[in-house]
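Reader: I'm new to this one and a bit lost. Please pick a single part, take me in close, and tell me what sits around it.

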Amino acid sequence: MNSGFPLWLHFVPRIQFQTDNEPFKAEMKRFTAKIVDMMKHEKLYASQGGPIVLTQIENEYGNIDSAYGSAAKTYIG
């Protein structure tokens with residue numbers, strides 16, 4: 001439903017998902033850092049002895065980037 005994004009992101013003023021949009025990038029940077037910190041704290045990464053080998057921010061963005069126009073190219077870059 002929300003493409004894996006937290007519901008509260010929909011209420012951020014001027015946000016446009018998965019584009020070169022400053023509100024989106026700022027919120028995702030903050031949210032991603034929080035999740036990574038939580039995973040590190042729980043020692044979930046393989047380098048810490050946990051089961052997680054890799055984390056990925058975007059998945060198959062190339063399948064949808066045409067819907068976002070030129071802002072998609074700068075965002076993914």
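Author: Let's start at Arg-30, which counts as exposed at 52% relative accessibility. One thing to keep in mind as we go: this is a predicted model. Arg-30 makes a salt bridge with Glu-27, and the closest N and O atoms are 2.7 Å apart. Glu-27, on the other hand, is buried, because its relative accessible area is 18% and the cut-off for buried is under 20%. So this salt bridge has an exposed end at Arg-30 and a buried end at Glu-27. Both residues belong to helix α1, and since they are three residues apart, about one helical turn separates them. There's also a linked set here: Asp-20, Glu-22 and Lys-25 are joined into one network by salt bridges that share partners.

Let's look at that network piece by piece. The side chain of Lys-25 meets that of Asp-20 in a salt bridge of 2.5 Å, N to O. Lys-25 also bridges to Glu-22, where the closest N and O atoms are 3.0 Å apart. Lys-25 and Glu-22 both sit in helix α1, about one turn from each other. How open to the outside are they? Glu-22 is exposed, with a relative accessible area of 53%. Lys-25 is partly exposed at 30%, and so is Asp-20 at 34%. A search of the whole structure turns up three salt bridges.

Now for the nonpolar residues. The largest nonpolar core has ten of them, including Phe-5, Phe-17, Phe-24, Met-28 and Tyr-75. The elements that give two or more residues to this core are α1 and α2, with α2 covering 70–76. As a general point, nonpolar side chains tend to be buried together in soluble globular proteins. What does Phe-5 touch? Leaving out residues up to four places away in sequence, Phe-5 touches Phe-17, Gln-18, Phe-24 and Met-28. Ring pairs also link Phe-5, Phe-17 and Phe-24 into a cluster. Within that cluster, Phe-24 is buried at a relative accessible area of 1%, and Phe-17 is buried as well, at 16%.

Those rings bring us to the aromatic pairs, and the search of the whole structure finds four. One of them is Trp-8 with Phe-31, an edge-to-face pair with 6.0 Å centre to centre and 70° between the planes. Why does this pair tie together parts that are 23 residues apart in sequence? Because Trp-8 lies in the segment before α1, while Phe-31 is in helix α1. Phe-17 and Phe-24 make another pair, with ring centres 5.7 Å apart and planes at 35°, so that one is tilted. Back at the edge-to-face pair, Phe-31 is partly exposed at 26%.

Last stop, the segment before α1, which is where Trp-8 lies; the helix itself covers 22–41. Buried or exposed, where does Trp-8 fall? It lands in between: Trp-8 counts as partly exposed at 35% relative accessibility. Trp-8 also joins Leu-7 and Phe-11 in a nonpolar patch on the surface, and together the three have about 350 Å² of accessible area. So, to put Trp-8 in one picture, it belongs to that surface patch and pairs with Phe-31.

Definitions and conventions. Residues numbered from 1 in each chain as written. Predicted model: local features only at pLDDT ≥ 70, side-chain atom pairs only at ≥ 80, totals over all residues. Heavy atoms only, no water. Patch = residues over 30% accessible without salt bridge, like charges linked within 9 Å, V, L, I, M, F, W, Y side chains within 5 Å. Areas by Shrake-Rupley, 256 points an atom, 1.4 Å probe, with all protein chains shown as cover. Salt bridge = Lys/Arg side-chain N within 4 Å of Asp/Glu carboxyl O. Helix = DSSP H or I, 4+ residues; strand = E, 2+ residues; numbered from the N terminus. Buried < 20%, exposed > 50% of the residue type's maximum accessible area, 1.4 Å probe, protein only. Core = buried A, V, L, I, M, F, W, Y, C linked by side-chain atoms within 4.5 Å. Contact = heavy atoms within 4.5 Å. Phe/Tyr/Trp six-rings, centres within 6.5 Å; stacked < 30°, edge-to-face > 60°.
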